[in-house]
Amino acid sequence: MEFFNNNGSQRRQFLQLALLAAATAILHSCSPNNSMAKLTEKNILIIGAGIAGIAAARKLIKNGFAVKILEGRNRIGGRINTNRSLGLAVDLGAAWIHGITDNPLTSLATEFKINIKETDYENIQVYNSTGKSLSETILDDAYELYDNIIEEVENLADKLDEDISVGEGWRRVIRQQKPSPKMEKILKWYMNYEIELDNGTDLDNLSLWYVDDDEAFDGEDYIFPDGYDQIIQGLAAGLEIELSQKVTEVIWSESGVEVKTATGEQYTADGALLTLPLGVLKSNQVKFSPNLPLGKRHAIENLSMGVYNKVVLKFPEIFWPENRDFLGYVSDKQPDFGLFLNLSRHGGEPVLVALTAGSFAKSLESLSDEELQAKVMEVLRRLYGTNIPEPVQMLRTSWSQDPFSFGSYSYIPVGATTEDRETLAAPVGKRLFFAGEATSTQYPATVHGALLSGLRAAKEIKRRFKS
Ligand SMILES: Cc1cc2nc3c(=O)[nH]c(=O)nc-3n(C[C@H](O)[C@H](O)[C@H](O)COP(=O)(O)OP(=O)(O)OC[C@H]3O[C@@H](n4cnc5c(N)ncnc54)[C@H](O)[C@@H]3O)c2cc1C
């Protein structure tokens, strides 16, 4: 087990190059309008126009299937959602390509000529609660200790007979190490930065055994200064997508599938691919007739949906170190706003994005706009003084309340295992197939994981209907 790679992401450094080469080739060669000979005349309904559904649609069309996508929202992209109301592109959902090397998103960005820009997690200014900058030496010392503790926690995990939370593992090790209170605060800040934000939940919810049971691409993380949605627009060109069709019921048998939507429409197909987010499956808002098998229902129950929210503030001018990619705040009060992305470096406008996760992120959703803004400003005033200007505009996310995702991305809580993801991914009967980030064992909670899951499901559908 290993918690983090060098660039701050915890995803493990292991590549399945053959699979990825195939995935990249498929995406490249697959224009929905191309005139490939049809292997089959089968109709497939795809539920959800996020990256998983869209990637699957392209591959299926290439393989001769007739494909229609039903999307509940009035836009495509799902958890990829670019907002341009502040005069620059702000990604309210996914923002980064995590690990640029051999990532299928990198090839897509090249294919669609989309500008991407590296963000450097080490290019960060970190402050304490009196607004004083922490020196590189303090941060380096703290990180060294943090690394040692993580190693100890990993050793502990290997010795356990039953799973515990990452938080509990951390406490057991810290009890032995006894860092100074000042150091412990910085260590906790690292934990939030590197684990809680990545998983969208508090350490006390996360399975210690499975927190690192995923993989990662090598290389740095990159953002899309002009918006992640360009990837979606590029991939979705030419696809048949019906918007504002919220699926309410999926009736399935061994001979076909019928899908009902909230507008009263009814669709029939030879098969259906469901890319519904885990949060939607958990909410039971989509009825399955007959019900999904018990194993599938258990997997849905066992896995959890994390929350990761953003507060985007546009100011009249920049009052923070403009050359830093990130600003960090080691607060005396936990939890608090610990990390800001300096978007002015990428979008040219004076914009900061506060990044929050877990119960803190969720608690912010119940605040009014005024209360939320005041709470972020209290932190920024500690760092930059009382004379800083008020924001001129604010955007906020409330992903846990979003009726089309009920959360940000999936994680494995204590009591669940990676096998639950496999069960979630498995087809049901001969006609129902499943994709989406939560079904990915290798790259869950990411855009590339969702994309590859769509390609995996398309392959399963092809195999099913070719024979
Ligand atoms: C705030 C945030 C930040 C993130 N940051 C990153 C990042 O930087 N990098 C990264 O790699 N990943 C990131 N992620 C994760 C990434 O966005 C997701 O893993 C990925 O986009 C999921 O794609 P998907 O196709 O599985 O699901 P979705 O994109 O959610 O697609 C599912 C689709 O189904 C639709 N749907 C839901 N219910 C119904 C219904 N009843 N009927 C019809 N349609 C329905 C939804 O509207 C949606 O369009 C982030 C996510 C969030 C929320």
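**A tour of the predicted model**

Among contacts in the protein between residues at least 6 apart in sequence, 75% join residues at least 24 apart. Keep in mind that the model is predicted.

**Stop 1: the whole protein.** Show the full chain as a cartoon. There are 14 helices and 24 strands to find in the protein. The radius of gyration is 22 Å, close to the 23 Å given by the globule rule for 467 residues, so the protein is as compact as a globular protein of that length. Now reduce the view to the C-alpha trace, which spans about 65 × 55 × 40 Å along the principal axes. Of the 467 residues, 47% are buried.

**Stop 2: confidence.** Colour the chain by pLDDT. The average for the protein is 92, and 91% of the residues score at least 70. Next select residues 1-39, where the pLDDT is below 50. In the model this stretch has 76 contacts beyond near neighbours in sequence.

**Stop 3: the ligand.** Select the ligand and the 41 residues around it. Which of these residues come nearest? They are Gly48, Gly50, Ala52, Gly72 and Gly78.

Then highlight three elements in turn: helix H2 (51-62), strand S18 (308-314) and helix H14 (447-466). Each supplies at least two residues of the shell around the ligand.

Finally, colour the shell by residue type. How do the residues of the shell divide into nonpolar, polar and charged? There are 21 nonpolar residues, 14 polar and six charged.

Conventions
Residues are numbered from 1 along each chain as its sequence is written. This is a predicted model: local features need pLDDT of at least 70, side-chain atom pairs count only at pLDDT 80 or more; totals for chains, interfaces and linings use all residues. pLDDT is the predictor's confidence in each residue, from 0 to 100. Two residues are in contact if their C-beta atoms, placed from the backbone, lie within 7 Å. A residue is near a molecule or strand if its C-beta atom, placed from the backbone, lies within 6 Å of it. Helices (H or I, at least four residues) and strands (E, at least two) are DSSP runs, numbered from the N terminus. Ala, Val, Leu, Ile, Met, Phe, Trp, Tyr, Cys and Pro count as nonpolar, Asp, Glu, Lys and Arg as charged, and the others, Gly among them, as polar. The radius of gyration is taken over C-alpha atoms; the globule rule is 2.2 Å times the number of residues to the power 0.38. A residue is buried if 20 or more other C-beta atoms lie within 10 Å of its own, exposed if 12 or fewer, and partly exposed in between; C-beta atoms are placed from the backbone.
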